[in-house]
Amino acid sequence: MNENEAMDLLRKFVGFQTENGNEKVVADEIKAIFDKAGVPCKVIELEQDPSRANLVAELGHGEPVLGITGHMDTVSAQQEGWETDPFDVTEKGDLIYGRGVTDMKAGLAAMVFAMLNLKEHENQMHGTVRFLATAGEEVGMPGAEAMLKQGYMKGVEALLVGEPSGYNIVYATKGELNLNINMQGKAAHSSTPAAGINAVENLLEFLDTITKRINGAAEGKNNPDLGDTVFNIDVIRGGQQVNAIPESASAEINIRIIPEFSNTEILALLDGEVKKFNENHKANVSYTIGMDIKPAIGPKEAKLVNVVKSAGKKHLEAQGQSGDIPMYGVSGATDGSVLLLDSPKDTAYVVFGPGNDTPHRVNESLPKQMYFDFIGIYIDIINEYMGIKK
Ligand SMILES: [Zn+2]
């Protein structure tokens, strides 16, 4: 692999428009590359939509099994303010621009090159590397869910996720609950409010109650790796005009979750409040769940953590930078949150991939050198983990 080949593949990946869908084109492209190199792999379409697919590739045999994973979808690029074509890779100075360069088509491409490199050292491998390229990480994680169901996490003792962390290790990610709260009242003219049931006023009262209840229950609960529960009301809708009693109103809530106050506990608390509210009010409240993801925490002393630390440090030092690779827990979930659901507790979970702080934004960018670096880093990590001597 040279830098031109690396840029060509990234340009291809970015050119495939996989905004919350259409991932099969990327999977087919990776399969064509792997077929040519003799890396066994298959494309597995998602049941619900044949234009969406996962790809699984595997080299080596036996234990240990190292899983490496990246997603093929991106968030939408339909935003105002792009200064370059989001579906082309544009170079400006040290940075490259395009939708997905940071989140996470560079990480995905780097993993493809690492697999191609591994193929050349296959006979020296002590173990198995399983590459899982997923669909739909950005919305609902249907790809990761299908992989888990189809048994592709079986035997995986360590999972490396190529999401954008830069030169930092993330070993823990909070869970997430998105809730839509719906309040149903009854319309009336505002001069005769008694004839109606004001959905907006009822919604405000209910939101106030659950804010206090959830924040109260979360108080004093703290996770050493992830910190506190975070509760936000992010959207409120309701009412038509100033002289009419609103018939319905809704709100959207986002909760970032730690194991000490779980998804199940929060939903149970909410169910109790919904029941109580409906018994004591003329309005009717209900809710639907938009997203329900559990927190994931990997062991800090895992072999993968140490291998990633030393590979990362070596590459930083090659650029004249010193110091250890920082390690922490963050709010954002990854495919790992779903893939690791049935794994033993001591399964390593490491998020480590090329990227800066521009995911999901207009003019998403990535330092070009970081992309090239991570190709080398992934190769080093895999070689070290598989006991391959260069
Ligand atoms: Zn991502």
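What follows is a chat between a student and a tutor about the structure above.

Student: Before we start, what kind of model is this?
Tutor: This is a predicted model, in which local features need pLDDT of at least 70 and side-chain atom pairs count only at pLDDT 80 or more, while totals for chains, interfaces and linings use all residues. Residues are numbered from 1 along each chain as its sequence is written, and side-chain values use heavy atoms, with hydrogens and water left out.

Student: Okay, where is Gln79 found?
Tutor: Gln79 is in the loop between strand 3 (65-71) and strand 4 (90-92); helices (H or I, at least four residues) and strands (E, at least two) are DSSP runs, numbered from the N terminus.

Student: Is Gln79 buried or exposed?
Tutor: Gln79 falls between those, as partly exposed, with a relative accessible area of 33%. Buried means under 20% relative accessible area, exposed means over 50%, and partly exposed is in between, with a 1.4 Å probe and protein chains only.

Student: And what does Gln79 touch?
Tutor: Leaving out residues up to four places away in sequence, Gln79 touches Arg99, His360, Arg361 and Val362, where contact means heavy atoms within 4.5 Å. Its side chain also makes a polar contact with the side chain of Arg99, at 2.6 Å. A polar contact is a pair of N or O atoms within 3.5 Å; within protein, one must be able to donate a hydrogen and the other to accept it, and residues adjacent in sequence count only if both atoms are side-chain atoms.

Student: Which salt bridge does Arg99 take part in?
Tutor: The side chain of Arg99 meets that of Glu364 in a salt bridge, 2.6 Å from N to O; the term stands for a side-chain nitrogen of Lys or Arg within 4 Å of a carboxyl oxygen of Asp or Glu. This pair links distant parts of the chain, 265 residues apart, with Glu364 in the loop between strand 17 (348-351) and strand 18 (365-367) and Arg99 in the loop between strand 5 (95-97) and helix 3. Both Glu364 and Arg99 are buried.

Student: How many salt bridges does the structure hold?
Tutor: There are 21 salt bridges. One of them joins Arg130 to Glu58, with the closest N and O atoms 2.6 Å apart. Arg130 lies in strand 6 (residues 127-134) and Glu58 in strand 2 (residues 49-61), so the pair ties together parts that are 72 residues apart in sequence. Arg130 counts as buried at 10% relative accessibility, whereas Glu58, at 33%, counts as partly exposed.

Student: Switching to the nonpolar core, which residues touch the most other members?
Tutor: In the largest nonpolar core, which has 67 residues, these are Ile30, Phe34, Phe131 and Tyr371. Helix 3 (residues 101-120) gives the most to this core, with 13 residues. Such a core is a set of buried Ala, Val, Leu, Ile, Met, Phe, Trp, Tyr and Cys residues joined through side-chain atoms within 4.5 Å.

Student: Last topic, which residues of helix 7 are buried?
Tutor: In helix 7, the buried residues are Leu304, Val305, Val307, Val308, Ala311, Gly312, His315 and Leu316. Seen down the helix axis, they fall within an arc of 165 degrees, so they line one face of helix 7; the arc is that of the directions from the helix axis to the C-beta atoms.

Student: What do they pack against?
Tutor: The buried residues of helix 7 pack against several elements, including strand 7 (156-161), strand 8 (169-173) and helix 9 (368-385).
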